[in-house]
Amino acid sequence: MTETVAAIVAAHRAGTMTPTQTVARSYQRIREHNDPAIFISLRDEKDALAEAERLADPTLPLYGVPVAVKDNIDVAGLPTTAACPAFSYLPARDSTAVAKLRAAGAIIIGKTNLDQFATGLVGVRSPYGIPKNPVRGDLVPGGSSSGSAVAVSAGLVPLSLGTDTAGSGRVPAMLNNIVGLKPSLGLISTTGVVPACRTLDCVSIFSLTVDDALAALAVMSGPDDADPYSRDRPLAPLASFPAKPKFGIPQTGQLKFFGDREAEQAYGEACKRWQALGADLIAFDLAPLYETARLLYEGPWVAERYLVIRDLLASSPEAVHPVTREITVGGSRPTAADTFSALYRLEALRRIAERSLAQLDAIVLPTAPTVYSTADVLANPIELNSRLGTYTNFVNLLDMCGLALPAAMRPDGAPFGITLLARAGRDAELAGIGRVFHADTGLTLGANSLPQPPLTAAPTQASSDDITIAVVGAHLSGMAMNHELTTLDARLLEEAVTAPDYRLYALDTTPPKPGMLRIEAGAGAAIKLELWAMSPAAFGKFVAAIPPPLSIGTIRLADGRQAKGFIVEPAAIQGAKDISAYGGWRAFMAERAKA
């Protein structure tokens, strides 16, 4: 089954499929699916196929993976509309997130539909039409990232980007029976993203599996000097499922389902599933989170939405969707005093939430309390939209990360999902927990009844007390100096690959050693290496014995992680042979042995 990101990359590397075949398959599926409301613009197929044909490095983490991008995120060569034709512009360059996807081997297919200016959780507020929900056609597709979620659920692409300010990366995931990853604020740069609320926005990820979403997050994460809201939050490795996780669930009587008995029952069954997996469910007070959620639209944060389009509202108000206009115009009214009053209250609520959640690994909530038909939402657009945000609106205000997971298919054919939420920076921990739950449900993927792939074991990791070191040359397992690691009781964790930011040189040393030099991001080669774990004391002894011109620096891996590892002083590469094309020291030494 070559439908997930992991399966597609594996097939490309094995040669059983090519990137061009996979990209062509996406375009064919888009034509056959025949829903013009999913994509606002499609990239010329010949251009996409040509880019796929040019891919030459199968070690890239997203090698030949087709990706759809929400149309409030810049893609060079395609207009950015934010679902408003009067706002449209042609960006000169990719957004930072898209540029990182391309550098990792992804192929951008097109720009997807959304609730205009990312204002809405329903997916019906667009002049480009309403994408049909492929799971149950009468339901709203969810928003604002409607087209991106539908494209993954329908199997048109295995991966897509959305955005998330108030739940736009989570509610559509539930309604389309897919995974929605809402990262910690600032983990993915928002440079090149049309703001909704600039202080709260983040780029979100839709995929069929948690592992696929985490792979995309690893590629896109990292600080960006061009984004003042970017944060240097290194992404941790995928975590294993804890032995006895502690999950928070709301106190009795605090959950809201608006009369939807099937959703209430599905949430209860999800909680029982967590307990069967070994989790301890602990009641916590949801009231402060509800109060925080009310601040988002009843408080001054609507002014951020107003700032984005105030000129358009002044010059051409008719160009803005009526519901979007009604919501956004309210942002002109809060005063500076109102803003500071809300900020003070928010800080108080943050402290309350931190105390409540301090001893919990995560909290488990319904992604949305119920589902609505398109007809119902069109008849009552603001109230029903607001209900869908019951468990999402507070998350970014409290700087939490979130992972929306399929949990059940209801008897009426509607999907139900739950969301894991945790403090910022715990994205990989949520993934390690959530992937086990999703696999345990046995649910099929998306709308096409695809079986889930077998759940692979989380990779071996260093303990919390160990230091991970990346080795690229003579210290590799089986090589001349590997004994220097093993005598210090170092443990091999995994083989890995650097980001394409390095050049590798053969140094004139005895025994032969390489030197790896960091250059401009994306302008170098991806170099194979090994990750080893060492105690701090052993690490100190090891580093103290490293002779010049080698030293230890921070190595950026292809999946976004960082590790301490060998680098070379720039002066030492003068006259040294550039062996980057070999992709690693082993391949070079093997060729040298043949010669």
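**Three helix environments in a predicted model**

I will start with helix α2, where the buried residues, meaning those under 20% relative accessible area with a 1.4 Å probe and protein chains only, are Pro-19, Thr-20, Thr-22, Val-23, Ser-26, Tyr-27 and Ile-30. Please keep in mind that this is a predicted model, in which local features need pLDDT of at least 70 and side-chain atom pairs count only at pLDDT 80 or more, while totals for chains, interfaces and linings use all residues. Residues are numbered from 1 along each chain as its sequence is written, and side-chain values use heavy atoms, with hydrogens and water left out.

Helices here are DSSP runs of H or I with at least four residues, strands are runs of E with at least two, and both are numbered from the N terminus. The cover over the buried residues of α2 includes α1 (5–14), β1 (39–42), α3 (45–54), β2 (66–70) and β3 (107–112), where contact means heavy atoms within 4.5 Å. As for the geometry of α2, its 15 residues (19–33) should span 21 Å at 1.5 Å a residue, and the end C-alpha atoms are indeed 21 Å apart, which agrees; the expected span is 1.5 Å times one less than the number of residues. After α2 comes Asn-34, which has a positive phi near 55 degrees.

Turning to the second region, helix α7 (residues 210–220) packs against helix α15 (residues 427–441) at an angle of about 165 degrees, and their axes are 9 Å apart; axes are lines fitted to C-alpha atoms over the stretch in contact, with angles from 0 to 180 degrees between N-to-C directions. The two helices are therefore roughly antiparallel, the word used for angles over 145 degrees. On the α7 side the contact is made by Val-210, Asp-211, Leu-214 and Leu-217, and on the α15 side by Asp-427, Ala-428, Ala-431, Gly-434 and Arg-435.

Finally, where does Thr-328 sit? Its place is in helix α11 (residues 322–329), and because its relative accessibility is 1%, Thr-328 counts as buried. Neighbours within four places in sequence aside, Thr-328 touches Val-302, Arg-305, Tyr-306, Ile-309 and Leu-313. Helix α10 spans residues 302–315, and its axis comes within 8 Å of that of α11, the two crossing at roughly 120 degrees. That makes α10 oblique to α11, the class left over once angles under 35 degrees (roughly parallel), over 145 (roughly antiparallel) and 65 to 115 (roughly perpendicular) are set aside. Across this crossing, Val-302, Arg-305, Tyr-306, Ile-309 and Leu-313 of α10 meet Arg-325, Ile-327, Thr-328 and Val-329 of α11.

Notes: Buried means under 20% relative accessible area, exposed over 50%, partly exposed in between (1.4 Å probe, protein chains only).
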